[in-house]
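Here's a quick briefing to read alongside the model. Have the sequence and structure open as you go.

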Amino acid sequence: MKNTIVKWTIVTTLGIGGIVTQVPFSTAYAASISDLNKQKEDIESKQNDVENKKSDKNDELSNIHDEQESVEAELKRLNTAISTTQVNITEKKSQIETTKADVKRLEKQIKETQKRIDERNEVLKDRARAMQETGGAVSYMDVLMGSQSISDLIDRIGAVATIVEADRTILKEQEADKKLLEDSKAELKEKLSSLETMLSDLEDMKADLDSKKKEKDKVMAQLEKEEDHVHAEMLSLEEEEAILSDQKVAMEKAIKLEKQRQAEAAKKAAEEERKRQEAEAAAAAAAAKAKAAKASSSSSSSSSSSSSKSSGSSSSSSSSSSSSSSSSSSSAPSSPAVSSGAFTKPANGVLTSGLGQRWGTFHAGVDLAATGDNVAILAAADGVVIRSYTSSSYGEVVFIAHSIDGQTYTTVYAHMKSGSRKVSAGQVVSKGQRIGTMGNTGDSQGQHLHFELHKGEWNQAKSNAINPVGIVPL
């Protein structure tokens with residue numbers, strides 16, 4: 001059974017011997033009233049300690065809640081920033097898509113510009129080819145000098161000017177188209193580069209925000225874990241507070257019964273003393289009377305003595321031979337026989353696990369396993385029930401305090417069948433009295449009784465746990 005039981009500080013040094021008027025203790029130890037009052041004060045002191053611990057845990061919870069509020073505010077800011085960044089990323093992606101559409105349009109324009117450039121190149125190539133065919137000797141001056149008249153000259157001058165202007169226009173357009181092509185390519189490249197840079201920056205920003213959010217989520221998860229842990233400790237303290245309260249009630253009961261026992265003992269002693277004094281007075285009176293009678297009889301004549309023999313032999317011997325009827329059952333008994341020692345076996349079953357390290361934790365008791373729906377669990381010795389309740393780890397469990405030869409012991413009976421507990425806190429129990437039924441509740445892997453024996457009080461560290469083998473008949 002895992003050692004995850006709630007933190008209790010149990011003061012179980014009860015004066016069980018003081019309640020012998022209720023239960024016959026074969027080896028009981030009667031604690032004095034002063035000892036019982038001292039133990040009651042110890043319980044009250046521990047109750048104050050629990051209250052202080054609860055106050056500290058409440059402060060710890062308050063600090064955790066403050067941290068949670070701070071982290072929640074930061075998470076809210078990060079979520080807002082992430083949402084804004086995501087919107088910007090979506091916008092930039094939309095702009096990139098728009099730019100890509102512009103790219104296609106520019107590519108079309110570039111193709112058209114390239115086509116015009118190619119066409120002009122063809123014109124220039126034709127012009128160059130014509131010059132080659134004429135041997136390159138014909139010049140604009142030859143054209144002018146070959147005019148036949150003034151009007152022909154003027155016409156030729158206009159034609160040459162037109163040709164020259166056309167050539168200049170072609171060259172200018174060629175240069176303009178080339179520049180437009182280069183500018184368009186540069187503009188496209190710069191725009192795409194800018195958008196890609198902005199998109200990369202936004203994605204980096206989002207990645208950074210996501211990383212920060214992840215860290216804050218971890219912090220929040222840790223805070224929630226700490227909160228759960230503190231709540232569990234608070235629950236442990238509340239259970240510890242409850243068990244101390246139950247133990248205080250049991251202690252008050254023990255003190256009351258001890259006072260009653262002492263009062264009855266004193267009354268009985270006084271009555272015995274009165275009877276003794278009356279007997280002594282009667283004996284003295286009888287002796288004086290006998291002395292006076294002897295003196296009176298010596299002055300008179302001696303009287304005849306007659307001895308009468310009374311012999312009667314009455315031998316009454318009644319011999320009755322009663323044969324005890326023994327009924328044998330085919331199935332094993334549901335509870336073990338009660339032994340004559342201070343302790344008795346708490347349940348039938350096979351010892352499946354002992355005290356010591358098990359599965360990486362300390363197993364503070366022994367396990368007795370048995371099959372059947374009605375395997376009885378018995379009180380291992382006379383005592384007072386400290387606690388009878390349902391635990392998350394022990395399941396249905398009963399704690400009992402015992403005082404044997406002046407030594408206080410605590411026994412624990414865990415994993416009982418649901419609803420089978422038959423005793424309550426403060427109840428006086430006898431050795432061998434049925435207190436429940438074997439079950440599989442709590443942190444259990446199969447029907448069995450987890451039995452613990454503590455020399456002194458039970459504590460969360462289970463430092464007082466001792467091996468019951470050799471002490472309790474198992």
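Let's start with the strands: β1 (residues 350–353) runs antiparallel to β4, and 3 bridges join the two. Keep in mind that this is a predicted model. From the strands we'll move on to the nonpolar cores, then to a charged residue in a helix.

**Strand pairing**
- In the β1–β4 pairing, serine 353 sits opposite aspartate 367 of β4.
- β4 also pairs with β11, again in the antiparallel sense and over 3 bridges.
- Across from leucine 368 you'll find leucine 449 of β11.

**Nonpolar cores**
- The largest nonpolar core has 25 residues, and Tyr413 and Ile435 touch the most other members.
- Strands β4 (366–369), β7 (395–404), β8 (407–416) and β11 (449–455) each put at least two residues into this core.
- There's also a second, separate core of 14 residues, with Leu244, Ile386, Tyr389 and Val412 among them.
- As a rule of thumb, nonpolar side chains in soluble globular proteins tend to be buried together.
- Back to isoleucine 435: not counting residues up to four places away in sequence, the residues it touches include Ile377, Leu378, Val398, Ile400, Tyr413 and Met416.
- Polar and charged names turn up among the contacts of isoleucine 435 too, including Ser420, Arg421 and Lys422.

**Glutamate 227**
- Glutamate 227 belongs to helix α3 (residues 150–298).
- Is glutamate 227 buried or exposed? Glutamate 227 is buried, yet has no salt bridge.
- The nearest side chain of opposite charge is lysine 225, 14 Å away.
- Leaving aside neighbours within four places in sequence, glutamate 227 contacts Leu61, Ile64, His65 and Gln68.

How values were computed
Residues are numbered from 1 along each chain as its sequence is written. This is a predicted model: local features need pLDDT of at least 70, side-chain atom pairs count only at pLDDT 80 or more; totals for chains, interfaces and linings use all residues. Side-chain values use heavy atoms; hydrogens and water are left out. Helices (H or I, at least four residues) and strands (E, at least two) are DSSP runs, numbered from the N terminus. Buried means under 20% relative accessible area, exposed over 50%, partly exposed in between (1.4 Å probe, protein chains only). Lys and Arg count as positive and Asp and Glu as negative; His and the chain ends are not counted. A salt bridge is a side-chain nitrogen of Lys or Arg within 4 Å of a carboxyl oxygen of Asp or Glu. Contact means heavy atoms within 4.5 Å. A nonpolar core is a set of buried Ala, Val, Leu, Ile, Met, Phe, Trp, Tyr and Cys residues joined through side-chain atoms within 4.5 Å. Two strands pair if DSSP finds at least two bridges between them.
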